[in-house]
Amino acid sequence: MRTERPLGLLEKYQVSKQLTRCYGCVTSTVIFRHSARPDSNARQFYLNQLHAPLTSLVEKHPQLSLVVAENSKSTAHFLRLDSFNLDSVVEIKEFSFWNETELGEVIGKECDREFDLDNHTVPLWHLTIGIDAARPNECSITLAAHHVIMDGKSLAQFWQDLDLGRANEPEDYQIRCGETALLESYENRGAPMPSTLDLLPIVGKMLVKKMLPTRLTEHWFPEGWAGDVAGDKKETHDTTVRVVQVGGTTWSNVCATCRDHGVTPHAAIMAALVEAFTRLWPDTSVKTTTPVNCRSFAQVPPGEMGNFVGSYGYLWTGKAMPFWERAKTYHRLLKANKAGAAKEAGQLKYLSKYPEDYYDFWHGHWNNPMARSGGIELSDLGRVVLDKAWQVQSVWFCQSAQTFTTALSVNSISTQDSMYATIGWQKGSVDESKTEALSALLREILEKST
C-alpha cells in the first residue's frame, strides 16, 4: 500500500457526506444475457468471468484501487492498495431482476451502502450480481461506488471499459493493482475557479439567510418545493427507488423530434419532468439542478474516472408552458451556464477547515423550513454505447437519497433505442402516491411529445 495525494475539494465534499450520513453512494446496474452458467456454484462462474476483465480495468483506472486514510482529519488523503481479493467485492443475490419493483428495491439498498472508510483492505466499490435459477443465461450486475472515487460519468466508463467474455480459472482471485499514476484533483488541473466577485454574492446570501427570520428568508430567497414532509435531524439516508423505461419506437421518436427542434434528448427529459411535477404539485415552484460533466473545462481526458462535476440550477415557477418551448428554454439556459457550473467546485474553498466547515455546511440545511434545501436533481449520463461479448439488455443509473439537499432525484441513461430512468427519494419525505404517478406520467408526456 502506498500513499497518494491529499483529497481535493470535490473529494472532501463527497467524504463529508458520509461523515454526516446524509448520502450513500452512486450506482449503475446492467442486465446482461450471457452463456449459460452451471446449475451449481454460480459464484465461481461469475468470479471466473470477471477476474481477467477487472484486472485489466484496475490496471487502467487507479481510482479502482484507492482507499481514504485519515478521513475525518485535515490530513485526509488517498492510499493505493497493492492488491485485493475479487471475492471480497462480489456478492451473489437471488431475486427477480427483470421485475421492475424488485430491481428498484435492490438498487435502493445498494445506493444506501456505506463503505467502511477505515477498512484499507478492499477498494471503495462493490458488485452485486442478481441471479435466478430459471434464467441461467441472464444476470444483473449492480456497481456501487463511493462518490469520492467516481462521478456518474465514471460509472458509465466502468461498463464501457469492462471487457467481458475473457473467462479464466485463476489460482486465486487476487487482483494486483496497477502503476497508472493518480493525477491531480479537478481544481489542480487547470479548472476554472470563481473570482472574489463570483464568491461575494454567494457568501453574502449565506450570511443574510442566517440572520433573517424564516418568513423573510422564504420571501427574499425562494427555493421552491422541498418535499412534502419535513426532515428530521436524527434521520440518515434511506433511499426509495422506482425505475422507468422509455423504449420501443417512443425513444427513437423523441430523439428525432429533438433534432427537429434543435435540442438534446436531455432537454426533453427535463421538460417532461417539470411538466409532470407541475401536474402533480400544481401552482408550486420547484428548483431543478443539473450536474454538469466538467472534464472539458480542465485538463481531464473524457475517459478518466474521478470527480469532475459542477451543477446548474433553475427555479421553475409552476407556470404552464408548451413542452417544446420549455425544452428549448432549458437547453439555451444550460448551454449558457455550463462555464459557470465548471467554477462551482471552487466555491468549496470557502470551507477552509476540513471537516469542521463541511459539518457546519451540511447541518446548516436544518435551518430551512423543511430541513433540506429541496428541489429536484436530474442527473443524465446521456447515451452510452456498450458493445459487449455479453448482450446488454438494459442499463440503469441511480444514487443515494440526499437528506440535506434535493427532495427528489431523477437519474437517467440511454442506449440507442431506450432511455432508462430511476426516481429516488428519502423514505417518508414525499407523498409516495405522487412519486408513483410521476413514473407513468414521465413516460406518457415523452410519448405524447412526438
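These are my notebook entries on a predicted model of one protein, from the whole chain down to single residues.

**Entry: the whole protein**

I started with the overall picture. The protein has 450 residues, and 55% of them count as buried. I then looked up the secondary structure and got eleven helices and 16 strands. The radius of gyration is 22 Å, close to the 22 Å that the globule rule gives for 450 residues, so I can call the protein as compact as a globular protein of that length. For the outer dimensions, I took the box along the principal axes: the C-alpha atoms fill roughly 65 × 50 × 40 Å.

**Entry: a sheet of three strands**

Next I went to the sheets. One is an open sheet of three strands, and I read its order as β1-β4-β3, with antiparallel pairing. Which strands stand at the edges here? They are β1 (2–6) and β3 (66–69); each has a single partner strand, so one side of each is left without a neighbour in the sheet. From one strand to the next, the twist averages 35°.

I followed one pairing in detail. Strand β4 covers residues 77–80, and β3 pairs with β4 in the antiparallel sense over four bridges. To find my place in the model, I picked out Leu66, which stands opposite Arg80 in β4.

**Entry: a sheet of six strands**

Another open sheet has six strands, in the order β10-β16-β15-β13-β11-β12. The pairing in this one is mixed. I checked its ends too: β10 (239–246) and β12 (309–316) are the edge strands, each with a single partner, so each has one side without a neighbour in the sheet. Ignoring direction, neighbouring strands of this sheet are turned by 20° against each other on average.

Inside the sheet, I looked at how β11 and β13 run. Strand β11 (residues 286–293) pairs with strand β13 (residues 376–383) in the parallel sense, over two bridges. I noted one residue pair as a marker: Thr289 has Glu377 in β13 as its bridge partner.

**Entry: empty space inside**

Then I went looking for cavities. Rolling a probe the size of a water molecule over the atoms shows where empty space is left. How many cavities of 30 Å³ or more are there? I wrote down two.

The largest cavity holds about 100 Å³ of space. I found 18 residues in its lining, and Arg5, Glu11, Gln63, Gly306 and Asn307 are the ones nearest its centre. By class, the lining of the largest cavity comes to nine nonpolar, four polar and five charged residues.

The second largest cavity holds about 30 Å³. I listed its lining as Gly231, Asp232, Glu235, Trp366, Ala371, Thr403 and Phe404. That lining divides into three nonpolar, two polar and two charged residues.

**Entry: one residue, Leu273**

I finished with a single leucine. Leu273 lies in helix α8, which spans residues 265–280. Is Leu273 buried or exposed? Its relative accessibility is 1%, and under 20% means buried, so Leu273 counts as buried.

I also looked up a distance from Leu273 to Lys328. The two are 55 residues apart along the chain, and their C-alpha atoms are separated by 14 Å.

Conventions: Residues numbered from 1 in each chain as written. Predicted model: local features only at pLDDT ≥ 70, side-chain atom pairs only at ≥ 80, totals over all residues. Heavy atoms only, no water. Pairing = 2+ DSSP bridges. Axes fitted to C-alpha atoms, helices over the stretch in contact; angles between N-to-C directions. 1 Å grid on protein atoms, 1.4 Å probe; cavity = no way out; pocket = protein on both sides within 12 Å on 5 of 7 lines; lining within 4 Å. Points joined across faces, edges and corners; volume = space filled by probe spheres on them. Nonpolar A, V, L, I, M, F, W, Y, C, P; charged D, E, K, R; others polar. Rg over C-alpha atoms; globule rule 2.2 N^0.38 Å. Buried < 20%, exposed > 50% of the residue type's maximum accessible area, 1.4 Å probe, protein only.
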